[in-house]
Amino acid sequence: LDMGAVLEYTDGGNIAVTALLAGNDILLICDYAEGIPAILNAVEEGTVTEEMIDTACCRVLTWKYNLGLI
């Protein structure tokens, strides 16, 4: 998500938050110092709900379980 090309699609918002809102369950970012606080802020503001995060987490854990990774 740290490619310059994706900035065109954020409308000035944080790329990690935009990716979550687009339905991504796993985010690959290099700038954790910016991404994590932006996500936490989006949760506090209600832009991203805890339910969205919980649902994404459950999907990832289910995939890992079904693949025998956990």
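**Reading surface, core and links in a predicted chain**

Visitor: L67 sits in the segment after α3 (50–66), but is L67 buried or exposed?

Guide: This is a predicted model, in which local features need pLDDT of at least 70 and side-chain atom pairs count only at pLDDT 80 or more, while totals for chains, interfaces and linings use all residues. Residues are numbered from 1 along each chain as its sequence is written, and side-chain values use heavy atoms, with hydrogens and water left out. Helices are DSSP runs of H or I with at least four residues, numbered from the N terminus. Buried means under 20% relative accessible area, exposed over 50%, and partly exposed in between, with a 1.4 Å probe and protein chains only. L67, with a relative accessible area of 65%, is therefore exposed.

Visitor: Which residues form a nonpolar patch on the surface?

Guide: Such a patch joins nonpolar side chains (Val, Leu, Ile, Met, Phe, Trp, Tyr) within 5 Å, from residues with over 30% relative accessible area and no salt bridge. Here I26, L28, L61, W63, Y65, L67, L69 and I70 form the patch, and together they have about 950 Å² of accessible area.

Visitor: What is the length of α3, from its first C-alpha to its last?

Guide: The expected span is 1.5 Å times one less than the number of residues. Helix α3, which has 17 residues, reaches 24 Å, close to the 24 Å expected. Just after α3, G68 takes a positive phi of about 75 degrees.

Visitor: How many salt bridges does a search of the whole structure find?

Guide: A salt bridge is a side-chain nitrogen of Lys or Arg within 4 Å of a carboxyl oxygen of Asp or Glu. The search finds 1 salt bridge, and D25 forms this kind of link with R59, their closest N and O atoms being 2.6 Å apart. The pair joins distant parts of the chain, since D25 lies in the loop between α1 and α2 (32–45) and R59 lies in helix α3, 34 residues apart. D25 is buried at 19%, whereas R59 counts as partly exposed at 36%.

Visitor: Why is C58 without a bond to C57?

Guide: A disulfide is a pair of cysteine sulfur atoms within 2.5 Å. The sulfur of C58 is 5.8 Å from that of C57, its closest cysteine sulfur, so the two are too far apart for a bond, and the count of disulfides comes to 0.

Visitor: Which residues is N14 in contact with, leaving aside neighbours within four places in sequence?

Guide: Contact means heavy atoms within 4.5 Å. N14, in the segment before α1 (15–21), is buried at 18% and, with those neighbours left aside, touches E34, G35 and A38.

Conventions. Helix = DSSP H or I, 4+ residues; strand = E, 2+ residues; numbered from the N terminus. Patch = residues over 30% accessible without salt bridge, like charges linked within 9 Å, V, L, I, M, F, W, Y side chains within 5 Å. Areas by Shrake-Rupley, 256 points an atom, 1.4 Å probe, with all protein chains shown as cover.
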